[in-house]
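Subject: A structure for you to look at

Hello,

Here is the structure I promised to send you. Have a look at it first, and then read on for what I found in it.

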Amino acid sequence: MIDTSVEIPAGVLEVLTLPDLDGLDEARGAGRVCIWCGQPLTIETAVDLGEQKADAGTCFPRACRKCVADRAHRGLFTHTPTCDLCGTKATAARCIVGRGLYRLVRDNRR
């Protein structure tokens, strides 16, 4: 079973591009359905995106593993070319964002 309780760093969440939190319906804001595709979630299928603050209050978005993996994969293509650390094999492991995106792809593409 995949551990969905791992905290995702803020920089990684920025690359994943969460939708406008103030525009979420109640089910998406509460994490009962995927924040992106709306698929119903269970503890086993959800990836916790952490407590988020919005103008309308606090929400607890979650996502399905497929959406997280797809967004993280796309994020690697936008992040890596512009990152000084990700640019070389010797320093790529030090980049929290690149490493976090890679881990999300690896852990959720199943």
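Let me begin with the charges: the protein chain carries 15 positive and 14 negative ones, and the mean positions of the two groups are 10 Å apart. Please keep in mind that this is a predicted model.

**The chain as a whole**

The protein chain holds four helices and four strands. Starting at the N terminus, their order is α-α-β-β-β-β-α-α. If you draw a box along the principal axes, the C-alpha atoms fill roughly 45 × 35 × 20 Å. A compact globule of 110 residues would have a radius of gyration near 13 Å, and the 14 Å of the protein chain agrees with that.

Of the 110 residues, 38% count as buried. The accessible surface comes to about 6,700 Å², and carbon and sulfur atoms make up 55% of it. Now take the contacts in the chain with a separation of 6 or more: 54% of them are between residues 24 or more positions apart.

**Salt bridges**

How many salt bridges does a search of the whole structure find? The search finds six. Let me walk you through some of them.

A good place to start is Asp70, which takes part in a network of salt bridges with Lys66 and Arg109. The bridge between Asp70 and Lys66 has an N to O distance of 2.7 Å. Why are these two separated by about one helical turn? Because Asp70 and Lys66 are four residues apart in helix α3, which covers residues 65-79. Lys66 is exposed, with a relative accessible area of 58%, whereas Asp70 is partly exposed at 24%.

The other partner of Asp70 in this network is Arg109, with the closest N and O atoms 3.4 Å apart. Asp70 lies in helix α3 and Arg109 in the segment after α4 (96-108), so this pair ties together parts that are 39 residues apart in sequence. Arg109 is partly exposed, and its relative accessible area is 44%.

Another salt bridge joins Glu51 and Lys53, whose closest N and O atoms are 2.9 Å apart. Is Lys53 buried or exposed? Lys53 is exposed, at a relative accessible area of 60%.

**Leu49, a buried loop residue**

Next, please find Leu49 in the loop between β1 (46-48) and β2 (52-54). Leu49 counts as buried because its relative accessibility is 2%, and buried means under 20%. Which residues does Leu49 touch, if we do not count those up to four places away in sequence? They are Ile8, Leu13, Leu18, Ile35, Trp36, Pro61, Arg62 and Ala63. You can also compare the position of Leu49 with that of Arg109: the two are 60 residues apart in sequence, and their C-alpha atoms are 17 Å apart in space.

**Val97 and Pro9**

Val97 sits in helix α4 and is buried, at 16% relative accessibility. Apart from its neighbours within four places in sequence, Val97 contacts Gly11, Val12, Val15 and His79. Val97 and Leu13 are 84 residues apart along the chain, yet 8.9 Å separates their C-alpha atoms.

Pro9 gives you a similar exercise in looking along the chain and then through space. You will find Pro9 in the segment before α1 (10-16), where it is partly exposed with a relative accessible area of 32%. From Pro9 to Gly100 there are 91 residues along the chain, and the C-alpha atoms of the two are 7.4 Å apart.

**A backbone angle to check**

Finally, there is Thr17, in the loop between α1 and α2 (26-29). Most residues other than glycine have a negative phi. Thr17 is not a glycine, but its phi is positive, near 55°. At 47% relative accessibility, Thr17 counts as partly exposed.

When you open the model, you could begin with the network of Lys66, Asp70 and Arg109, and then move on to Leu49 and the residues it touches, among them Trp36 and Pro61.

Enjoy exploring it, and write to me with any questions.

Best wishes

Note on methods:
Residues are numbered from 1 along each chain as its sequence is written. This is a predicted model: local features need pLDDT of at least 70, side-chain atom pairs count only at pLDDT 80 or more; totals for chains, interfaces and linings use all residues. Side-chain values use heavy atoms; hydrogens and water are left out. A salt bridge is a side-chain nitrogen of Lys or Arg within 4 Å of a carboxyl oxygen of Asp or Glu. Buried means under 20% relative accessible area, exposed over 50%, partly exposed in between (1.4 Å probe, protein chains only). The radius of gyration is taken over C-alpha atoms; the globule rule is 2.2 Å times the number of residues to the power 0.38. Contact means heavy atoms within 4.5 Å. Accessible areas come from the Shrake-Rupley method with a 1.4 Å probe; for residues, only the protein chains shown count as cover. Lys and Arg count as positive and Asp and Glu as negative; His and the chain ends are not counted. The place of a charge is taken as NZ of Lys, CZ of Arg, CG of Asp or CD of Glu.
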